[in-house]
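Here are a few exercises to work through with the model open. Try each one yourself before you read the solution.

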Amino acid sequence: MSSIPLIAQTAGKGAAKAAARKGGRRRRPGPGGTGRRPGFITYGFLGAVLLGSLFPLYWSFLVGSHDSTVLSRGIPLSPGGNFLANAAEVMDSIPFWQALGNSLVVSTVTAFSVVFFSTLAGFAFAKLKFRGSKWLLVFVIATMAVPTQLGVVPLFIVMSRFGWTGSLWAVIIPALVTAFGVFWMTQYIREALPDELIEAVRVDGASMIRAFWHVGLPAARPAAAMLALFTFMATWTNFFWPFIVLDPSNPTLPVALQLLQAAHFVDYSVVLAGAVLSTIPLLLVFVIAGRQLVSGIMQGAVKG
């Protein structure tokens, strides 16, 4: 068993080298390519897309930093000085800190659960040979075509019979694993993890679970990091199901902001100040984990 950690390190390095070789092949110019770096037009287009993506957040901050009469006076061109006052009103009008804590708990638990179970299922689909594996994977992928709204009524009935309505468990349990996560990890592990490493660990006497823990997880780390970030973001901004199953006294942050809008239907400065406050944790997550996210995108861009 002493060689298993060395094999696990080799798996991580092998996955990175395989992704680098794939990236290197993609960077080679084709028969009609020039191999030149992107020019002014490309960077200008990307800059315009970036500015367009940031504009809603900037507009929310712009309106949220003025008083309630800002929109009646025309379009604001510069930030005002009332953002802190509007933020304080947001925290006084809704259970902001409770909703923030609920969103953190739900998003964190869901992200870790999706990564673990998706990586486990992806390892099984990619490296284990069993009857019906291809059709089972097709069935899992096909579930992504089913609209979420079709399962709301039976899912609510199940949560009601379990006595979980109004509890965070009703939001966490249905999201413990996703079909997209299984598909994503299956494709990555299939391309990035050589079969020889699994065979070497098995010859060394390790069980399949030990091979998954010491070889599969380290090799899938970049794709798992990317999946965790996007799952956290999707869970954080999820409104539809938490709005149905949670009580107004125990909301997540998007549901709490909806209560704010109902209480201040015209005061858009307070409503948009709350929207900015709810976005700040996501920005912090992306700033902290941005480098790992880029690494996951580059190394996880594998062919299915």
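**Exercise 1.** Find where H2 bends, and by how much.

*Solution.* Step 1: go to Phe-55, where H2 bends by about 35 degrees (the angle between axes fitted to the seven residues ending there and the seven starting there). Step 2: look just past the bend, and you'll see a proline, Pro-56, following within four residues. A word on the ground rules: this is a predicted model, so local features need pLDDT of at least 70 and side-chain atom pairs 80 or more, while totals for chains, interfaces and linings use all residues. Numbering runs from 1 along each chain as its sequence is written, and side-chain values use heavy atoms, with hydrogens and water left out.

**Exercise 2.** Check the span of H2 against what its residue count predicts.

*Solution.* Step 1: H2 covers residues 40–64, which is 25 residues. Step 2: the expected span is 1.5 Å times one less than the number of residues, giving 36 Å here. Step 3: the end C-alpha atoms are 35 Å apart, which agrees. While you're there, note that Ser-60, Leu-62, Val-63 and Gly-64 are buried (under 20% relative accessible area, 1.4 Å probe, protein chains only).

**Exercise 3.** Describe the lining of the largest pocket.

*Solution.* Step 1: the volume is about 1,000 Å³. A pocket here is an open set of points on a 1 Å grid over the protein atoms alone, where a 1.4 Å probe fits, with protein on both sides within 12 Å along at least five of seven lines; lining residues have an atom within 4 Å of a point. Step 2: 33 residues line this pocket, and Thr-148, Pro-174, Ala-175, Val-177 and Thr-178 are the closest to its centre. Step 3: sort the lining by class, and you get 21 nonpolar, 12 polar and no charged residues. Step 4: H11 (221–236) gives the most, with 6 residues.

**Exercise 4.** Now do that for the second largest pocket.

*Solution.* Step 1: its space comes to about 340 Å³. Step 2: of its 15 lining residues, Ala-111, Phe-112, Val-115, Ala-224 and Ala-228 are the closest to the centre. Step 3: H11 supplies the largest share, 6 residues.

**Exercise 5.** Which residues have the most contacts inside the largest nonpolar core?

*Solution.* Step 1: join buried Ala, Val, Leu, Ile, Met, Phe, Trp, Tyr and Cys residues through side-chain atoms within 4.5 Å. Step 2: the largest core has 23 residues, with Phe-123, Trp-184, Met-185, Ile-189, Leu-193, Val-215 and Leu-227 making the most contacts inside it. Step 3: H8 gives the largest share, 5 residues.

Key. Points joined across faces, edges and corners; volume = space filled by probe spheres on them. Helix = DSSP H or I, 4+ residues; strand = E, 2+ residues; numbered from the N terminus. Nonpolar A, V, L, I, M, F, W, Y, C, P; charged D, E, K, R; others polar. Buried < 20%, exposed > 50% of the residue type's maximum accessible area, 1.4 Å probe, protein only.
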